[in-house]
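I open these notes with two things to look up, namely how helices pack against each other and where empty space is left.

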Amino acid sequence: MENRITTLFNIKYPIIQAGMVWASGWKLAAAASNSGILGLIGAGSMYPEVLQEHIQKCKKATNNPFGVNVPLLYPDIDKLMDIIISEGVKIVFTSAGNPKTWTSHLQAHGITVVHVVSSVKFALKAQEAGVDAIVAEGFEAGGHNGRDETTTFTLIPMVKEQITIPIIAAGGIATGSGMLAAMVLGADAVQVGSRFVASEEASSHINFKELVVASKEGDTQLTLKELAPVRLIKNKFFNDVNALYAKGTTKEELATLLGRARAKKGMFEGDLEEGELEIGQISGLINDILPVATIVNNMIAEFEAAKKKTLAI
């Protein structure tokens with residue numbers, strides 16, 4: 001399955017395990033990389049010293065390439081980048097900010113840089129900034145999302161028309177057939193998040209994993225656009241947010257309700273009522289908690305079966 005992305009990252013399969021807050025620690029990243037895909041540590045929920053510990057443990061647990069996902073709005077971004085460089089990490093995915101800020105600096109230290117975008121406009125800006133590849137993420141995705149609500153399978157071909165660097169499709173992809181569809185539309189690879197939340201190696205709480213497995217169509221919704229759009233499982237906290245909207249709310253009231261550490265409370269500590277529970281629409285197709293290696297093997301088998309079926313049409 002060699003292509004531009006497998007060559008860029010030196011991986012066997014064109015799949016990236018998303019670097020998700022409170023789910024993507026070293027165990028998940030190492031298991032993903034050991035399965036022939038690219039594992040990512042999610043730095044967005046880590047203090048600098050915690051990130052360093054996860055990188056060091058990941059290096060001991062895998063001899064294969066892995067990377068770190070860094071939200072550029074992180075308050076201690078300088079410290080995170082210094083640790084990434086000093087620990088010899090060779091792949092960085094950036095998101096939630098201007099890629100021009102760090103791309104050239106990271107590349108000067110031999111680091112491959114990928115930036116996450118949600119529109120053609122930002123894909124072009126990322127290419128102009130000199131990134132090595134982009135993740136084009138559609139509105140189906142879990143966690144923080146684009147404001148335009150462009151779906152993945154609309155976004156990928158539109159981005160493909162406009163840029164020349166490799167494209168990684170994200171949002172609503174958890175199966176081999178979904179992977180094939182994204183690649184037919186122009187993606188060189190896929191980034192998978194929600195499916196890996198429901199893995200044995202994910203650091204997310206078992207309560208959250210089990211709720212993801214139990215989720216059905218319509219159980220998630222994009223909200224909090226005034227702050228930062230985020231797709232959440234509907235729970236008490238989500239209903240409290242909706243109650244504010246119903247009476248006519250302000251950005252300040254929403255921020256007060258959100259408070260601090262709401263995502264940690266839900267996804268890491270397992271509070272399914274008061275926590276912020278970020279997951280993608282594809283959770284309706286996730287029916288079990290499996291080891292990462294099994295998830296990857298299943299996806300590749302489904303991909304090959306779907307490709308044969310398509311060629312037979």
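Before I record any handedness, I note the convention: a crossing is right-handed if the near helix is turned clockwise from the far one by less than a right angle, and left-handed if anticlockwise. I also keep in mind that the model is a predicted one.

**Entry 1: α11 and α12**

With that convention I looked up helix α11 (residues 236-247) against helix α12 (residues 251-258), and I find the crossing of the two to be right-handed. Their axes lie 11 Å apart and the helices pack at an angle of about 165 degrees. Since angles over 145 degrees count as roughly antiparallel, I therefore enter α11 and α12 as roughly antiparallel to each other. On the α11 side I list F237, D240, V241, L244, Y245 and K247, which meet E253, L254, L257 and L258 of α12. Sorted by class, the residues of this contact come to 7 nonpolar and 3 charged, with no polar ones.

**Entry 2: α3 and α4**

Next I took helix α3 (residues 48-61) and helix α4 (residues 77-86), whose axes are 9 Å apart and which pack at an angle of about 20 degrees. The pair is therefore roughly parallel, α3 to α4, and I note that α3 passes α4 in a right-handed crossing. From α3 the contact draws on P48, E49, L51, Q52 and I55, while α4 supplies K79, L80, I83 and I84. I count the classes here as 6 nonpolar, 1 polar and 2 charged residues.

**Entry 3: α8 and α14**

How do the axes of α8 and α14 cross, and within what distance do they come? For helix α8 (residues 176-184) and helix α14 (residues 292-312) I read a crossing of roughly 60 degrees, with the axes coming within 7 Å. The two helices are therefore oblique to each other, and α8 passes α14 in a right-handed crossing. G176, S177, M179, L180 and M183 make the contact from α8, and M299, I300, E302, F303, A306, K307 and T310 make it from α14. This contact divides into 7 nonpolar, 3 polar and 2 charged residues.

**Entry 4: the second largest pocket**

I then turned to open space, and the second largest pocket holds about 200 Å³. Which helix gives the most to its lining? I find that α14 does, with 4 residues. The full lining, as I copied it down, consists of A174, T175, R195, L285, I286, N287, D288, L290, I295, N298, M299 and E302. Of these, M299 and E302 also appear on the α14 side of the contact with α8. By class I enter 6 nonpolar, 3 polar and 3 charged residues for the lining of this pocket.

**Entry 5: enclosed space**

Last, I checked for closed voids, and the count of cavities of 30 Å³ or more comes to 1. The largest cavity has a volume of about 40 Å³. Its lining is made up of S118, E137, G138, F139, N145, G146, R147, D148, E149 and T150. By class, I put the lining of the largest cavity at 1 nonpolar, 5 polar and 4 charged residues.

Definitions and conventions. Residues numbered from 1 in each chain as written. Predicted model: local features only at pLDDT ≥ 70, side-chain atom pairs only at ≥ 80, totals over all residues. Heavy atoms only, no water. Axes fitted to C-alpha atoms, helices over the stretch in contact; angles between N-to-C directions. Parallel < 35°, antiparallel > 145°, perpendicular 65-115°, else oblique. Contact = heavy atoms within 4.5 Å. Nonpolar A, V, L, I, M, F, W, Y, C, P; charged D, E, K, R; others polar. 1 Å grid on protein atoms, 1.4 Å probe; cavity = no way out; pocket = protein on both sides within 12 Å on 5 of 7 lines; lining within 4 Å. Points joined across faces, edges and corners; volume = space filled by probe spheres on them.
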